[in-house]
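Visitor: Please choose one charged side chain in this model and examine it closely. I should then like the account to widen to the other charge pairs, the nonpolar interior and any enclosed space.

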Amino acid sequence: MTERGLWEDAAGWWQAMFTCGADAEYVEQILPLAAQHLAGSASVLDVGTGEGQVARLALAPEVGARRVAGVDPAWGQLAVARDRGDGPLFLRAEAAALPFPAGSFDAVVACLVFEHIGALDSALGEVGRVLVPGGRFLFFLNHPLLQVPGSGWIDDHILHEQYWRIGPYLVEDHSIEELDKGVHIPFFHRPLSRYVNTMAASGLVVTRMEEPAPPPGFLARAQEYEAAASIPRLLFMRAEKMAVT
């Protein structure tokens, strides 16, 4: 099955697990950060919009955007996005080939999307292309260092130590992960430097980075999560497109 086919199959699962208040990390962390850093943007593009929750947020009073678009490769996501909100324009498109002229938006946001995209260079190049000079890019990732495949909390009963194991960080990797029964998602691991250097090559310079602790609602899901309360799951970067001089 193609990666686009995998996303079509996973659309309903993703909507049930991560939208309409179902996921504490979105409600308590991702959406507030997005609202904070999108505030004042007049035109916003949500790359990998899913069912459109970030695109709808961009039209809310706390952000105040006047024109919002969302793109996603899965019809199963776009159909629900259009049902749940008629304000944004929702289009089927890949991140590596955005259907907009250069300089169309003053903000682009991507929430937990690029770790699932193979064509990283083209996709970030497209972000830089559709942004106006001085425009902002809000980039949310599963933390590339601390959430590497193979990472996790270790309770060593021989050495009587507890520690967070980090997987093979410097090795770029592509896998198909089974996140739930019958739900398979493509995942690309890359070191942080790969993202930052590719952004720079696309004219996007990081101006802020945050590594927030897991939010209370996530930690409350299971007692063992408390042991990893100081290990961030999320990496947020805000970048700005360099003005041409």
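Guide: Arg 84 is partly exposed, with a relative accessibility of 36%. The model in which this residue is seen is a predicted one. The side chain of Arg 84 meets that of Glu 51 in a salt bridge, with a distance of 2.6 Å from N to O. This pair links distant parts of the chain: Arg 84 belongs to helix H4 (residues 75-84), whereas Glu 51 sits in the loop between strand S1 (43-47) and helix H3 (53-59), and the two are 33 residues apart. The acidic partner, Glu 51, is buried, its relative accessible area being 0%.

A second charge pair can be set beside this one. Glu 210 and Arg 208 form a salt bridge through their side chains, at 2.8 Å from N to O. Glu 210 has a relative accessible area of 18% and therefore counts as buried, the cut-off for that class being under 20%. Arg 208, at 42%, is partly exposed. Returning to Arg 84, salt bridges with shared partners join Glu 51, Arg 56 and Arg 84 into one network.

In total, 10 salt bridges are counted in the model. One of them joins Glu 8 to Arg 92, where the closest N and O atoms lie 3.9 Å apart. Glu 8 is in helix H1 (residues 3-18) and Arg 92 in strand S3 (residues 89-92), so this salt bridge ties together parts separated by 84 residues in sequence. Both partners fall into the intermediate class of exposure: Glu 8 is partly exposed at 24%, and Arg 92 is partly exposed at 30%.

Helix H1 also contains Ala 10. Whereas Glu 8 is partly exposed, Ala 10 is buried, with a relative accessibility of 2%. Beyond residues up to four places away in sequence, Ala 10 touches Val 183 and Ile 185. The C-alpha atoms of Ala 10 and Gly 76 are 8.6 Å apart, although 66 residues separate the two along the chain.

The account now turns to the nonpolar interior. The largest nonpolar core comprises 32 residues, and those with the most contacts inside it are Leu 38, Val 44, Ala 58, Val 109, Cys 111 and Phe 140. Two or more residues come from each of H1, helix H2 (24-38), H3, H4, strand S4 (105-111), S5, S9 and strand S11 (234-241). H2 gives the most to this core, with seven residues. Leu 38 touches Val 44, Ala 58, Val 63, Ala 107, Arg 136 and Leu 138, residues up to four places away in sequence being left out. There is also a second, separate core of 29 residues, which includes Ala 95, Ala 110, Val 113 and Leu 131.

Helix H5 (residues 120-130) has buried residues at Leu 120, Ala 123, Leu 124, Glu 126, Val 127, Gly 128 and Val 130. These buried residues of H5 pack against S1, S4, S5, helix H6 (192-201), strand S10 (204-210) and S11. Gly 128 offers a reference point for a residue elsewhere in the chain: its C-alpha atom is separated by 31 Å from that of Gly 21, 107 residues away in sequence. Gly 21 is located in the loop between H1 and H2. In contrast to the buried Gly 128, Gly 21 is exposed, at 54% relative accessibility.

The enclosed space remains. Over the whole structure, the search finds one cavity of 30 Å³ or more. The largest cavity has a volume of about 70 Å³. Its lining consists of Glu 115, Leu 141, Asn 142, His 143, Pro 144, Gln 147, Phe 187, Phe 188, His 189, Arg 190 and Tyr 195. Strand S5 (131-142) and strand S9 (183-189) are the elements that give two or more residues to this lining. S9 gives the most, with three residues. Sorted by class, the lining of the largest cavity has five nonpolar, four polar and two charged residues. S5 and S9 thus appear in two settings: each gives two or more residues to the lining of the largest cavity, and each does likewise for the largest nonpolar core.

Note on methods
Residues are numbered from 1 along each chain as its sequence is written. This is a predicted model: local features need pLDDT of at least 70, side-chain atom pairs count only at pLDDT 80 or more; totals for chains, interfaces and linings use all residues. Side-chain values use heavy atoms; hydrogens and water are left out. On a 1 Å grid over the protein atoms alone, a cavity is a set of points where a 1.4 Å probe fits but cannot get out, and a pocket is an open set with protein on both sides within 12 Å along at least five of seven lines; lining residues have an atom within 4 Å of a point. Grid points are joined across faces, edges and corners, and a volume is the space filled by probe spheres set on the points. Helices (H or I, at least four residues) and strands (E, at least two) are DSSP runs, numbered from the N terminus. Ala, Val, Leu, Ile, Met, Phe, Trp, Tyr, Cys and Pro count as nonpolar, Asp, Glu, Lys and Arg as charged, and the others, Gly among them, as polar. A salt bridge is a side-chain nitrogen of Lys or Arg within 4 Å of a carboxyl oxygen of Asp or Glu. Buried means under 20% relative accessible area, exposed over 50%, partly exposed in between (1.4 Å probe, protein chains only). A nonpolar core is a set of buried Ala, Val, Leu, Ile, Met, Phe, Trp, Tyr and Cys residues joined through side-chain atoms within 4.5 Å. Contact means heavy atoms within 4.5 Å.
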